[in-house]
Amino acid sequence: MKTRFYTPEAERFFPICPKTVGFDELQVLRKRPQGLGINQLMLVNKGNGILELGCKRYELNPGDMFFLKMGEPHAYYGTTADFSTSWLTFCGQGVEPLLSYYGVGSSLVITARHYGTFGQKLSSFCKVFNSNIGIPSLMSMVYDCVVSFFDDAFRSEI
């Protein structure tokens with residue numbers, strides 16, 4: 001996992017700020033009865049797992065994606081030894097307006113077992129996250145990555 005910190009000015013200026021990112025890492029049990037203090041997007045790369053959101057339980061397979069809204073209780077874990085995920089955590093004043101645009105009021109799971117540009121953009125983002133890339137470029141990339149997640153989640157199949 002890679003983590004990045006910003007000045008308070010940067011966090012106020014940009015609509016979405018990335019905090020942590022991980023790509024194709026073996027996933028250990030995460031149980032958060034109080035939720036997480038930040039929003040998170042996840043992609044299942046390999047293996048199988050379970051996501052618990054409130055009273056609901058979802059089986060996870062490669063290609064499934066999910067969004068965990070800040071403060072919502074959840075748990076996820078592998079049911080196979082090779083369960084791996086990629087993820088991005090983010091915050092910012094632009095998060096709620098973006099969620100409102102997509103009509104997202106709470107955490108959600110997309111079990112279509114495919115994704116479009118989100119996986120590619122997340123991979124590219126992971127490669128530059130801790131590089132010397134300028135903050136404006138990084139913030140533009142994270143916004144593009146988050147939008148691609150929701151575009152993939154809500155696209156209509158042809």
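Leaving aside neighbours within four places in sequence, Thr89 is in contact with Cys17, Pro18, Lys19, Thr20, Leu36, Ile38, Asn39 and Gln40. Contact here means heavy atoms within 4.5 Å. Thr89 lies in strand β9. Helices (DSSP runs of H or I, at least four residues) and strands (DSSP runs of E, at least two) are numbered from the N terminus. Thr89 counts as buried because its relative accessibility is 5%. Buried means under 20% relative accessible area, exposed over 50%, and partly exposed in between, with a 1.4 Å probe and protein chains only. The side chain of Thr89 also makes a polar contact with that of Thr20, at 2.5 Å. A polar contact is a pair of N or O atoms within 3.5 Å; within protein, one must be able to donate a hydrogen and the other to accept it, and residues adjacent in sequence count only if both atoms are side-chain atoms.

The model is predicted: local features need pLDDT of at least 70, side-chain atom pairs count only at pLDDT 80 or more, and totals for chains, interfaces and linings use all residues. Residues are numbered from 1 along each chain as its sequence is written, and side-chain values use heavy atoms, with hydrogens and water left out.

The protein chain holds four helices and ten strands. Along the sequence their order is β-α-β-β-β-β-β-β-β-β-α-β-α-α. Of the 158 residues in the protein chain, 47% are buried. Among contacts in the protein chain with a separation of 6 or more, 78% join residues 24 or more positions apart. The protein chain exposes about 8,000 Å², and carbon and sulfur atoms supply 55% of that area. Accessible areas come from the Shrake-Rupley method with a 1.4 Å probe; for residues, only the protein chains shown count as cover.

Strand β9 is mostly covered, with eight of its eight residues buried. In a regular strand the side chains alternate between the two faces of the sheet. In β9, Ser84, Ser86, Leu88 and Phe90 point one way, while Thr85, Trp87, Thr89 and Cys91 point the other way. Strand β9 pairs with β2 through seven bridges, and the two run antiparallel. Two strands pair if DSSP finds at least two bridges between them. Cys17 has Cys91 of β9 as its bridge partner. Seven bridges also join β4 to β9, again antiparallel. Here Lys46 is matched with Ser84 of β9.

Gln40 sits in strand β4. At 3% relative accessibility, Gln40 is buried. The side chains of Gln40 and Arg32 share a polar contact of 3.5 Å. Beyond four places in sequence, Gln40 touches Arg32, Phe66, Phe67, Leu68, Tyr76, Trp87, Leu88, Thr89 and Phe90.

Strand β2 spans residues 17–26 and includes Asp24. Asp24 is partly exposed, with a relative accessible area of 31%. Most residues other than glycine have a negative phi. Asp24 has a positive phi, near 50 degrees.

The largest nonpolar core has 28 residues, and Leu41, Phe67, Leu88, Val146 and Phe150 have the most contacts inside it. Elements giving two or more residues to this core are β4 (39–46), β7 (65–68), β9 (84–91), α2 (95–102), β10 (108–110), α3 (117–128) and α4. Helix α4 gives the most to this core, with eight residues. Apart from this core lies another, of eleven residues, among them Leu53, Phe66, Tyr76 and Trp87. A nonpolar core is a set of buried Ala, Val, Leu, Ile, Met, Phe, Trp, Tyr and Cys residues joined through side-chain atoms within 4.5 Å.

Helix α4 covers residues 135–154, 20 in number. From first C-alpha to last, α4 reaches 29 Å, close to the 28 Å expected at 1.5 Å a residue. The expected span is 1.5 Å times one less than the number of residues. Buried residues of α4 include Leu138, Met139, Val142, Val146 and Phe150. Leu88 is in contact with Val142, Cys145 and Val146, among others.

Leu53 belongs to strand β5. Leu53 is buried, at a relative accessible area of 13%. Outside four places in sequence, Leu53 is in contact with Tyr58, Leu68, Pro73, His74, Ser107 and Val109. Strand β5 (residues 49–53) is joined by five bridges to β6 (residues 56–60), and the two run antiparallel. Ile50 has Glu59 in β6 as its bridge partner. Two residues lie between the strands of this hairpin, where Gly54 takes a positive phi near 60 degrees.
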